[in-house]
Amino acid sequence: MGSCESEHEGSAAVHENGNGDVDDDDHHQQSIMMSPDGLIQQQDYVAKNIVPVLSRNKRAAVLICIFGGQDGELRVILTRRSMKLSSHPGDVALPGGKMDEDDADDCATALREAREEIGLDPDLVRVVANLDPFISSNLLRVVPVVGLLSRVEDFKPVVNEDEVDAIFDAPLEMFLQEDRHKCIEKEWGGLKYACHVFDLETKQGNFVVGGLTASILIQAASIIYKRSPAFNQTLQDFSQLQWALAPAKQLADMEDGPGGSNVR
């Protein structure tokens, strides 16, 4: 599986204004979520679909592999999913996929998938952190694993053509910038959520980074650069919407749940 992301999937974090307070639109969304008409239906959805995310066979991890560019900027490795794949062919993704029985943890999953997809030797990557998990639209619990590639010249890509059509890189900071960003408003269960999309021009061609991949990279860039995106974020994205609907006890029982980033 090239990754659990796509322009058709959502994800990301709770949105706040510059003062650290929840925006009025967020309060409005929360009031909608707690309305009597929708609450029973949403809780039933959670019981049937969110709870299975806690199990191992619904877990996945992606690798945010960062290296220094020629001008000293931070860059991240991305792929385009093969057109041979049955799910989300041609979408831009981070290397990653579902957890195998033999994977010791999320870090092992992300590194194994990166080796299988693009030939990235795990010994070249120093894992520094696991970010808070996201929920994909097919209800996988996706953990972003941040790794540093200090000797990018030692990385000799070997593309698995069954899973990947292209490998390229992008400046990490672009996921905080407004000039290449747009937001598509979508709806799930009567609730609106945001799908972030970025346009990217590279030597390998033009790419669109959207959905779960975009949301993960917005979160990673915000943490690494210690600042909020320049663009307006008034809506939750799909992943945060799902977390908001999940009962508190189920989240508390979840290993490495939101708010519990596992720093290595």
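The exercises below work through a predicted model of one protein chain.

Residues are numbered from 1 along each chain as its sequence is written. In this predicted model, local features need a pLDDT of at least 70, side-chain atom pairs count only at pLDDT 80 or more, totals for chains, interfaces and linings use all residues, and side-chain values use heavy atoms, with hydrogens and water left out.

**Exercise 1. Confidence**

Task: State the average pLDDT of the protein and locate stretches where the pLDDT is below 50.

Solution.
- Step 1. pLDDT is the predictor's confidence in each residue, from 0 to 100. The protein averages 78, and 72% of the residues score at least 70.
- Step 2. Residues 1–37 have a pLDDT below 50, yet this stretch has 110 contacts (heavy atoms within 4.5 Å) in the model beyond near neighbours in sequence.
- Step 3. Residues 248–264 also stay under 50, with 35 contacts beyond four places in sequence.
- Step 4. Where pLDDT is low, the predicted coordinates should not be read in detail.

**Exercise 2. Overall make-up**

Task: Count the helices and strands, and give the share of residues that count as buried.

Solution.
- Step 1. Helices (H or I, at least four residues) and strands (E, at least two) are DSSP runs, numbered from the N terminus. The protein has 6 helices and 12 strands.
- Step 2. Buried means under 20% relative accessible area, exposed over 50%, and partly exposed in between (1.4 Å probe, protein chains only). Of the 264 residues, 50% count as buried.
- Step 3. Among contacts with a separation of 6 or more, 71% are accounted for by residues 24 or more positions apart.

**Exercise 3. Nonpolar cores**

Task: Which element gives the most residues to the largest nonpolar core?

Solution.
- Step 1. A nonpolar core is a set of buried Ala, Val, Leu, Ile, Met, Phe, Trp, Tyr and Cys residues joined through side-chain atoms within 4.5 Å. The largest has 32 residues, and Ile64, Phe175 and Leu217 have the most contacts inside it.
- Step 2. Two or more residues come from each of β1, β2 (74–81), β7 (141–149), β8, β10, β11 (205–210) and α4 (211–225). Helix α4 gives the most, with 7 residues.
- Step 3. Leaving out residues up to four places away in sequence, Phe175 touches Val76, Ala170, Phe198, Val209, Leu217, Ile218, Ala221 and Phe231.
- Step 4. A second, separate core has 19 residues, including Phe67, Val127, Val145 and Ile167.

**Exercise 4. Helix α4 and the loop after it**

Task: Are Ile224 and Lys226 buried, partly exposed or exposed?

Solution.
- Step 1. Ile224 is found in helix α4. Ile224 counts as partly exposed because its relative accessibility is 34%.
- Step 2. Beyond four places in sequence, Ile224 is in contact with Ile66, Leu74 and Leu172. The C-alpha atoms of Ile224 and Glu173 are 9.2 Å apart in space, with the two positions 51 residues apart in sequence numbering.
- Step 3. Lys226 sits in the loop between α4 and α5. Lys226 counts as exposed because its relative accessibility is 76%.
- Step 4. Phi of Lys226 is near 60 degrees, a positive value in a residue other than glycine. Most residues other than glycine have a negative phi.

**Exercise 5. Helix α5**

Task: How many residues of α5 are buried?

Solution.
- Step 1. Helix α5 covers residues 238–245, and 7 of its 8 residues are buried.
- Step 2. These are Phe238, Ser239, Gln240, Leu241, Gln242, Trp243 and Leu245.

**Exercise 6. The second largest pocket**

Task: Describe the lining of the second largest pocket by element and by class.

Solution.
- Step 1. On a 1 Å grid over the protein atoms alone, a pocket is an open set of points where a 1.4 Å probe fits, with protein on both sides within 12 Å along at least five of seven lines; lining residues have an atom within 4 Å of a point. The volume, the space filled by probe spheres set on the points, is about 370 Å³.
- Step 2. There are 14 lining residues, of which Gln70, Glu73, Arg75, Asp169 and Lys203 lie nearest the centre.
- Step 3. Strands β1 (59–68), β8 (164–171) and β10 (191–202) each give two or more residues, and β10 gives the most, with 3.
- Step 4. The lining has 3 nonpolar, 5 polar and 6 charged residues. Here Ala, Val, Leu, Ile, Met, Phe, Trp, Tyr, Cys and Pro count as nonpolar, Asp, Glu, Lys and Arg as charged, and the others, Gly among them, as polar.
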